[in-house]
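Reader: I would like a close look at one part of this model, the place where the two domains of a chain touch. Could you take me through it in one connected account?

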Amino acid sequence: MSSPPPDDHITFRPTDEVSFFLKVLRDSELGWIADEVELNIREGKTAPKEIMEMGARGRRRTTESATSPYDPEEQLRILIRTIRHYFVEPPKLWAEVQLQLPRLANSPNLTLSVVRPESEQPEPLFPDNLAGDLSTLDVLLAQAWPYGVELYERDEEREVK
Amino acid sequence: MEGQLQTAIADEISRLGVSTPALMSRARVEKLYEIFILTCLARALRQLGAILSARNSSDRATSNLVFRLGPGLIWAPTSAPGFIHVAYKGREYEIQNGLRVLGQSKVLHELDVSLIDRDEAVRCRRNQINPTQARIKFLAECKYYGDSLPLGLGREYLGLSKEFSLRIKTIVSNISSDEIHNLVTKHKGTENFDVSMIRPNNIEQFVQWLANELRQVLG
């Protein structure tokens, strides 16, 4: 079941490209991820803005706060980064935890499980054959990263010159 | 983005979306991040020379450490998760996840990751009561997001922080937020942002920060 898009009252709209992926996410029962991306884009970005104003003693420069829309490249960044953080990274977190905690607790056979409240039944988290699929997605996301593959690896945007 | 790449990514999202239960809700992904931060805390304590062992919610040694997708009361085994027992310099503590603890106002708050005095935890289990903030040695609020952190999380953390008078408390996230950084540090709080598998150096720095702080607080 897909979730409805967030309220339409906020100022800015996603590009057609981002909207395409929002629909894919919602059709895949991942509406909560689509909602996060869309809300983020609709709220725009807030940054300091210098303005010139006429005062009693003439023109003066002040720094105020302004909100503006994300440009298409920034919207793509938000989308790709969000997909990466939700699809590609969590299995790595879980693998790290499964590697470290048994060692730290001096219990090599220690197993870890996540259960619902009031339950003892472990919740399935990731399918066994996930690694290959994630690697494919990771490579595709790197190709789509608007600032290039090398900066994708470091989760960074443009080089600061 | 060219059409072929767009289609390929969409196909992968659709395929992984239906086959990955961990993606069913934000709560599951956040739980994984909490457990990851708990592991960082365990690493820091081990670095200091502490002896750690896994216990179940009934306080018995276990080979299956259970975490719960919801907050738990320490004295109710069906709602409480397992925990890590810590022995350090002749004293004992517990690393807990999703534990509900009384703040200064006597209101219960869920702590994502915390370190509590062992004797307080035992007393609470025995008497079926809730732990109090005065016996918490460390707390971390853990936030896992896609690209940016809603400012409201910073406000929530400030409120929680006021309720707990301990020295080592922090908001941790896989990403960063200038606004929340400004908000938290203005009120003399501590953030640890960008702690994620993408940035291994930040994980090491976080563990080191924890170890340094714990060394001073635990003696």
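Author: What follows describes the contact between the domains of chain A. This is a predicted model, in which local features need pLDDT of at least 70 and side-chain atom pairs count only at pLDDT 80 or more, while totals for chains, interfaces and linings use all residues. Residues are numbered from 1 along each chain as its sequence is written, and chains are lettered from A and ligands numbered from 1 in the order in which they are written.

The domain assignment divides chain A into domain 1 (1-70) and domain 2 (71-161), the bounds coming from an automatic or database domain assignment. Between the C-alpha centres of domain 1 of chain A and domain 2 of chain A there is a distance of 26 Å. Where the two meet, 11 residues of domain 1 of chain A are in contact with nine residues of domain 2 of chain A, contact being counted if the C-beta atoms of two residues, placed from the backbone, lie within 7 Å.

On the domain 1 side of this contact, the elements that give two or more residues are α1 (16-27) and α2 (31-43) of chain A; helices here are DSSP runs of H or I with at least four residues, numbered from the N terminus. Of the elements on that side, α2(A) gives the most, with five residues. By class, the side of domain 1 of chain A that touches domain 2 of chain A has seven nonpolar, two polar and two charged residues, where Ala, Val, Leu, Ile, Met, Phe, Trp, Tyr, Cys and Pro count as nonpolar, Asp, Glu, Lys and Arg as charged, and the others, Gly among them, as polar.
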